[in-house]
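User: Please go through this structure with me, and for each label that you use, set the value against the definition.

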Amino acid sequence: MTAITKSIKHFLFVVLLLWLVAPAFAQVKPAAKGQFKNFYNSVGEVNLNFIFPEGFKEIKPVDTENFPFDYAMEIPGVDFEIWFRINTQKEDEKFLNDKNIHVTNPDSLYLSLAQDQISAFTSENIYLKRTLPPYILDRYNADAGATYLFNLNDSLITKHYKYALLIMLQKNKMGTVMAICFTNDKGPDFFKNLNKAGNCLKFK
């Protein structure tokens with residue numbers, strides 16, 4: 001086992017641990033006005049709780065054909081931000097059909113959604129995937145989910161970030177949550193920043 005492989009496995013173990021220990025959810029942030037109104041509407045449509053995490057700042061999301069995100073936030077002064085996409089199952093099915101991606105099992109929609117999005121972020125067909133174990137899915141009241149760690153293309157649209165961790169959660173017959181965390185350093189500070197946002201979304 002190479003040092004790189006060991007480092008990646010340790011990285012994912014810490015990520016899963018952070019999601020496990022995230023605190024419980026208690027309330028929903030009031031509906032926002034303006035550019036974030038659609039995001040909060042989507043939160044309601046897929047029966048989610050959302051709590052805005054302390055220390056973050058809302059930023060304008062990237063919303064293009066290849067990067068259709070509807071919410072984003074960052075920690076000011078730190079190389080760390082998260083983009084969110086929330087879709088109902090009907091929206092997910094239409095999205096994949098429009099791209100001629102056939103999914104035989106609706107309970108595995110999140111897999112095709114993740115792979116399609118990763119291909120827009122990187123030209124390398126290399127990523128490290130880990131299926132989320134039941135005890136983490138229970139924490140978020142999700143039925144399925146996975147994490148994907150990969151290197152990013154050097155791009156202005158992703159602000160020249162080097163690495164991304166994509167997190168997918170699916171609630172069957174309801175919808176999906178996609179969260180992509182961007183960083184330039186996969187060291188301890190990244191885990192700390194990730195932990196700050198680990199309790200912001202949960203299916204009811």
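User: What average pLDDT does the protein chain have?

Analyst: The protein chain averages a pLDDT of 84 (the predictor's confidence in each residue, from 0 to 100), and 82% of the residues score at least 70. This is a predicted model, in which local features need pLDDT of at least 70 and side-chain atom pairs count only at pLDDT 80 or more, while totals for chains, interfaces and linings use all residues. Residues are numbered from 1 along each chain as its sequence is written, and side-chain values use heavy atoms, with hydrogens and water left out.

User: Over which residues does pLDDT stay under 50?

Analyst: That stretch is residues 3-34. Where pLDDT is low, the predicted coordinates should not be read in detail.

User: Why is asparagine 141 called partly exposed?

Analyst: Buried means under 20% relative accessible area and exposed over 50%, with partly exposed in between (1.4 Å probe, protein chains only); asparagine 141 has 29% relative accessibility, and therefore counts as partly exposed. Asparagine 141 also has a positive phi of about 55° although it is not a glycine, whereas most residues other than glycine have a negative phi.

User: What makes lysine 159 partly exposed?

Analyst: Its relative accessible area is 45%, so lysine 159 falls between the two cut-offs. The phi of lysine 159 is likewise positive, near 55°.

Notes: Contact means heavy atoms within 4.5 Å.
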